[in-house]
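Please load the model in a viewer and set the backbone to a cartoon representation. The stops below are best taken in order, with side chains displayed as each selection is made.

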Amino acid sequence: MASGENDGVVLERKRTIVSALCKSRSLEPAKFLDDVRNDLKSLSVSIMKTALENNEEFNKWVIFAENFPSDSKGCSDGLNQLNKYLTDNSVLVGGGSTPSEADVIVFSTVHPYVIGLPVSDKNKLPHLMRWMDYIQNKHDFGDLFKWIVLEKAPFDPPLAKPAAKVEAEPNTKKAVPNAKAATSGAGSEKKFDMPKKQATGNTEAATDKKKLPEKVPDDKDKDLSVSLLKIQIGLIRKASKHPSADSLLVEEIDVGEGKCRQVVSGLAKYCSPDELTNRLVALITNVKPGKLRDVVSEGLVLCASNADHTNVEPLIVPEGAKIGECVTFSGHEGKPEDVLNPKKKQLDKITPNLFTDDKGVATYKGVPFMTSAGPCTSTISNASVK
């Protein structure tokens, strides 16, 4: 094929691609066809950029994220607003079930606030929690965000199909077996407001005759006590870079057991190995040992973090605290678990209640982390602790 003919084929192919891409984004292809001699990558980027700029739904959520408040009252109002919108929507843009860039932007914005909510507040935002669980399962964010654990049974999708109509047998007191499926949950808390179709007289009668009892909250939904955690004071004898992960450090920590515990922490972006060496830290020692990038970790160093995780530091242990002593919490006495059970999500349910107060004192629900030399603290006030 001659060079001129080949160029013609390539240009025609580009025109077809540009036209198809524009149609898929509801754009007029004419303005982009003038630039068809540019490389395909530049054309595609230009089309996608224009599509986002012209997408009112997308821009609405960008503005929502940009203006999301940081104060407690404003944050609560913003989360309630988002929860209300998600009552009848699976995702933020498009009306379907495929997440868009808007979902990623808003998820990243609200995650630091949602992760710190107590279980009782999370349960008041069922549609938001369902959406966040969906987004974190659809996108691989790596170590960027802590996994959000749903504290109750999985929520029904917001746009579930209505139950099939069921005819009750004439002259019987009980509905046919399938009527139970049609009326299941009639007495329990309603999670989603869905459009209703006109029920038949027989189905309505079956619903009225038998109501299911209201759901009794399960004990497992309650907050777990911090007394389950064994938090000890340790001295970092040695710290070094992880052999295969730039974001991780490996510490050898003395907690008075005769030999040091090896602990892997995600502190490489915030602390150098030299800054950690010979530093006292508070660490959870009854987590189940596991490997992080092929290196065994036998504990969890507790750190304070601001909302966007740009400022992270290990808790400051007061001078004079003893190596190996346990941190205590007044009014929360109890025997810690020998080893926390990862399947019970105990740590995930307790850590949302760990935070520093406005003076930087580390607390559990406002009760200080106490050692024999005083409370553990941080230079970051009103921070999450995990």
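The tour proceeds from a sheet, through a nonpolar core, to a single threonine; the model is a predicted one.

**The open sheet**

Begin by selecting strands β1, β2, β3, β4 and β7. These 5 strands form an open sheet with antiparallel pairing, in the order β3-β2-β1-β4-β7. Strands β3 and β7 (300-301) stand at the edges; each has a single partner strand, so one side of each is left without a neighbour in the sheet. In general, strands of a sheet pair through backbone hydrogen bonds, either parallel or antiparallel.

**From β1 to β3**

Next, restrict the view to β1 (residues 231-241) and β2, which pair in the antiparallel sense over 6 bridges. Select L249 in β2: K241 stands opposite this residue. Towards β3, the bridge partner of L249 is S265. Strand β2 (residues 249-254) and β3 run antiparallel and are joined by 5 bridges.

Now follow the chain from β2 into β3. The hairpin of these two strands has 6 residues between them, and G256 takes a positive phi near 80° there. Is β3, at the edge of the sheet, mostly covered or mostly uncovered? Selecting residues 261-265 gives the answer: the strand is mostly covered, with 4 of its 5 residues buried.

**The nonpolar cores**

Return to β1 and select I231, then add F329 and F369. These three residues touch the most other members of the largest nonpolar core, which has 26 residues. The elements that give two or more residues to this core are β1, β4 (280-284) and β11 (362-364). Another core, of 23 residues, lies apart from it and includes C75, L86, V114 and L125.

Displaying the surroundings of I231, with neighbours within four places in sequence left aside, shows contacts with A282, L283, I284, L302, E325, C326, V327, F329 and F369.

**T356**

For the last stop, select T356 in strand β10 (residues 354-356). Why does T356 count as buried? Its relative accessibility is 1%, and the cut-off for buried is under 20%.

Which backbone atoms lie by the polar side-chain atoms of T356? The backbone oxygen of I380 lies 2.8 Å from a polar atom of this side chain, and the backbone nitrogen of N382 lies 3.0 Å from a polar atom of the T356 side chain. Not counting residues up to four places away in sequence, T356 touches A304, V361, A362, S378, I380, S381, N382, A383 and V385.

Note on methods. Residues numbered from 1 in each chain as written. Predicted model: local features only at pLDDT ≥ 70, side-chain atom pairs only at ≥ 80, totals over all residues. Heavy atoms only, no water. Buried < 20%, exposed > 50% of the residue type's maximum accessible area, 1.4 Å probe, protein only. Pairing = 2+ DSSP bridges. Polar contact = N/O pair within 3.5 Å; in protein donor to acceptor, adjacent residues only side chain to side chain. Contact = heavy atoms within 4.5 Å. Core = buried A, V, L, I, M, F, W, Y, C linked by side-chain atoms within 4.5 Å.
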